[in-house]
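This report walks through selected features of one protein, from its overall make-up to individual residues. Please keep the sequence and the structure open beside the text while reading.

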Amino acid sequence: MLSPLFRAHGLLVASHPWEVIVGTITLTICMLSMNMFTGNNQICGWNLDCPKTEEEILSSDIIILTITRCIAIVYIYFQFQSLRQLGSKYILGIAGLFTIFSSFVFSTVVIHFFDKELTGLNEALPFFLLLIDLSKACTLAKFALSSNSQDEVRENIASGMAVLGPTFTLDALVECLLIGVGTMSGVKQLEIMCGFGCMSVLANYFVFMTFFPACVSLVLELSRESQEGHPIWQLSDFSRVMEEEDNKPNPVTQRVKMIMSLGLVMVHAHSRWISKPLSSNTTASNGQLGMGLDQLSPRRIEPEMPLWHFYLSRMITMDIEQVICLTLALLLAVKYIFFEQVEMESTLSLRNPITMTPPSPNQQYNKPCCLREPSAPRSAAPAAPCREERDEVIRPFPAPTTDCQSRSLFVIGEEGETKSENIEPSLPQNPRGLDECVSILNNPEQGPHHLSDAEVMLLVTSKHIPAYKLETLMEKPERGVAIRRQMISAKLSCPSALSSLPYINYDYSKVMGTCCENVIGYIPVPVGVAGPLHLDGKQFQVPMATTEGCLVASTNRGCRAIALSGGASSCILADGMTRGPVVRLPSACKAAEVKAWLESPDGFQDITEAFDNTSRFARLQKLLVGLAGRNLYIRFQCRTGDAMGMNMISKGTEKALSRLQQHFPELQLVAVSGNYCTDKKPAAINWIEGRGKSAVCEATIPAKVVQEVLKTTTEALIEVNISKNLVGSAMAGSIGGFNAHAANLVTAIYIACGQDPAQSVGSSNCITLMEPSGPTGKDLYISCTMPSIEVGTIGGGTNLPPQQACLKMLGVQGASQQCPGENACQLARIVCATVLAGELSLMSALAAGHLVKSHMTHNRSKVDLHGTQATCSRRGSMQTERS
């Protein structure tokens, strides 16, 4: 209920960090100034002689107080260690220090402002430090750091505040009420300490809600500007590592806190307002006590030193317990800044535990040219010590410099700093024996880092290392790929066949377990851009990965025609991924009974309940049930958010079938996919019922644009469309193929944006319609209807950085925070509009007779093939003569 309010507050604070910080500091200074001008300026020991009652100071009290202070200092140290694990020990450490310092200063100023006594503050300070909890600040910082831009930083801070704000508010209330019980004890010293504790909790809450998020937003913004616009804090571009559900409070705990709060409020109300007043005897005794105290009132004296000299002497004069605490604090600070190493990873770290290696003593910091060097396959001889091992946190690299000869596609390192690496171990020239290699591999202090490539291949051949685990078992995935290439090359008829297949400078940690197995390299595919594509009042630059000449140029011409016509409009007609399992019943009649139950309201509700419990996003929309003999085909359709959703819907389908088996125990699952979906195959059911996103896009092209840009006429376009796309496709018995080349555009965008290229089979289902428009009928109305666009913006290939870059070009990378599923729908609209641009240009080329001419000009290889042809001819002649 309160989440929208806290979200709005977080967005306001993160959007105006300067105003919030300056306002907080100004409020503190104003309150301090009011206290200075209105308070009592008499200082005991300088201009006043304040008689004191002699108190017996026990050594045990000093020891307990010193231990408490040391515990508080160590506690704060571990709090800062937690912050450091987020990727930067300076940025967030400074923000945390500001939080603690501002909380303490603000608490002191408020107590001064209300003219409260600070006697005993020296003893209360350790308890104040123990009340500081930076865990929520840590969590809020994680939200901020999982951003790709400053705008996303603000949105993520607002989302974090919406999640953490209600919990932190209730925690602060409970703490204040609990500590406030001590203010009713009647013990003066305890009341002072508890009062200061309550004020500290409130001040910490105030700072967390205002000062800390503003500091984080401002620091990240300044860091971005210092790196020429690149977000050096970028820890995202991977699947969301922190789900909001993981940070939402437990409802049971919240209720307990609410009940406790109400009970404590009643205790305070009863103790302060309902209890009986003090008796007259007590009043009289207080009067006598007051008379006695008058005799101990302060007496003004002449100062022996200036005020500044007095304060300076007080500051440099310390007791033994203060020296101990200060020494401990300085040692921990030096250890934290200069000698501390991250011993465990936070949830935002992308480090692979198998690839971690200790840091080395030689490393340069924050050098633009210090990008990862490509590592060649390791031989038995020791390699040059140029390899870098760092925490796998990925950020865009700075502008290129001339100092580096070879650069990696990504910089992998800790935020704001990098770690050095160990010197390569000396390896023997000849491979060691199998038993010795196995011993080294299993030794946790050595491992594969101390094995040569030949020894690793020996272990793979002897089955001690599975070939498919080379990337995960080596200290670097790239080395595992290099060793696999050596083993494969030795088995090929042409050992140098893989020499032109690149494999270095690639982040294989994003591939392992997600995209590909037994990796031997990657294929660089040219990526062109078509645009700007004017769609629904916005402009898009569309990335297209293709090796077909003329495709990007032709699409670009279609985009230009659409732009000169005022743009295109699009709409999502339906959104639902499908999975169609096949089950078997004892008889056809029993199968018909199950079909009738699934189609009944009660049956559908029961299956929906089981299906929806498997995911936060998957929501069953409908069931389509087909029967063939005693086989039953059930087509589940549900929305899957911004994911393409095959895994999501498959999990829900299995759960729903388990519920179905509870009602019909004789039901037998034949296959979770019975080709009734239908996935990656031409199918009329996808054309008729739709699958994924169903979209339509339209545009009206004026006659002038048709003539000057497309070089044809409206009449010629309509005639070619009817004869080719409609009649010709019908003659061929095409299913969903009533278009010129929709698959060209769909596949090019799919490869560029990390989609499954095989799904272009169903996603390219499209019907292109053209008709005359306008008052004279010379304008052209064109529309493309695509009922089965299967796309997603999270999961699978969208986790790879190059593919994420293409999604960012379109503004649809990752999951939509405001409206789940919107990014995937937007990508489907862009695909449909790009298909319309491609259809418009290709059909115009066909109508004008320019297709063959343009392909001969732009789609012919410039490589001289005459030498190769002559060589082949000579070889053929020699073989003929031999035969």
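Helices and strands are named here from DSSP runs, helices being H or I runs of at least four residues and strands E runs of at least two, with numbering from the N terminus. The model is a predicted one, and every value below was computed from it.

## Overall make-up

The protein contains 31 helices and 17 strands. Of its 883 residues, 45% count as buried, and the area that the protein exposes comes to about 44900 Å², of which carbon and sulfur atoms supply 61%.

Contacts also link parts of the chain that are distant in sequence: among contacts between residues at least 6 apart in sequence, 76% join residues at least 24 apart. One pair that is separated in sequence is Phe-208 and Phe-168, which are 40 residues apart along the chain, while their C-alpha atoms lie 9.1 Å apart in space. Phe-208 belongs to helix H8, which covers residues 188-209, and with a relative accessible area of 4% Phe-208 is buried.

## Helix H20 and its surroundings

Helix H20 spans residues 588-599, twelve residues in total, and reaches 16 Å from its first C-alpha to its last, close to the 16 Å expected at 1.5 Å a residue. Within H20, the residues Ala-591, Val-594 and Leu-598 are buried. Viewed down the axis of H20, the buried residues fall within an arc of 60°, and therefore they line one face of the helix.

What do the buried residues of H20 pack against? Their partners are two helices, H21 (601-612) and H22 (646-663), together with two strands, S11 (619-628) and S12 (631-639).

## A nonpolar patch on the surface

On the surface, Trp-18, Val-22 and Leu-222 form a nonpolar patch, and together these residues have about 310 Å² of accessible area. Val-22 sits in helix H2, which runs over residues 17-38. Is Val-22 buried or partly exposed? Because partly exposed refers to values between 20% and 50% relative accessible area, Val-22, at 45% relative accessibility, counts as partly exposed.

## Backbone geometry to check

Most residues other than glycine have a negative phi, and most peptide bonds are trans. Against that background, a few sites of the model deserve a look.

A cis peptide bond joins Gly-531 and Pro-532, with omega about 5°, and Pro-532 is part of strand S7, residues 527-535. Another cis peptide bond joins Cys-677 and Thr-678, where omega is about -5°; Thr-678 is located in the loop between strand S13 (668-671) and helix H23 (684-689).

The loop between S13 and H23 also holds Asn-675, a residue other than glycine whose phi is positive, near 65°. With a relative accessibility of 46%, Asn-675 counts as partly exposed. Cys-550 likewise is not a glycine and has a positive phi, of about 80°. Where is Cys-550 found? Cys-550 occupies a position in the loop between strand S8 (538-545) and helix H19 (551-564), and, with a relative accessible area of 15%, Cys-550 is buried, the cut-off for that class being under 20%.

Methods
Residues are numbered from 1 along each chain as its sequence is written. This is a predicted model: local features need pLDDT of at least 70, side-chain atom pairs count only at pLDDT 80 or more; totals for chains, interfaces and linings use all residues. Side-chain values use heavy atoms; hydrogens and water are left out. Patches are made of residues with over 30% relative accessible area and no salt bridge: like charges are joined within 9 Å, nonpolar side chains (Val, Leu, Ile, Met, Phe, Trp, Tyr) within 5 Å. Accessible areas come from the Shrake-Rupley method with a 1.4 Å probe; for residues, only the protein chains shown count as cover. A salt bridge is a side-chain nitrogen of Lys or Arg within 4 Å of a carboxyl oxygen of Asp or Glu. Buried means under 20% relative accessible area, exposed over 50%, partly exposed in between (1.4 Å probe, protein chains only). Contact means heavy atoms within 4.5 Å. The expected span of a helix is 1.5 Å times one less than its number of residues. The arc is that of the directions from the helix axis to the C-beta atoms.
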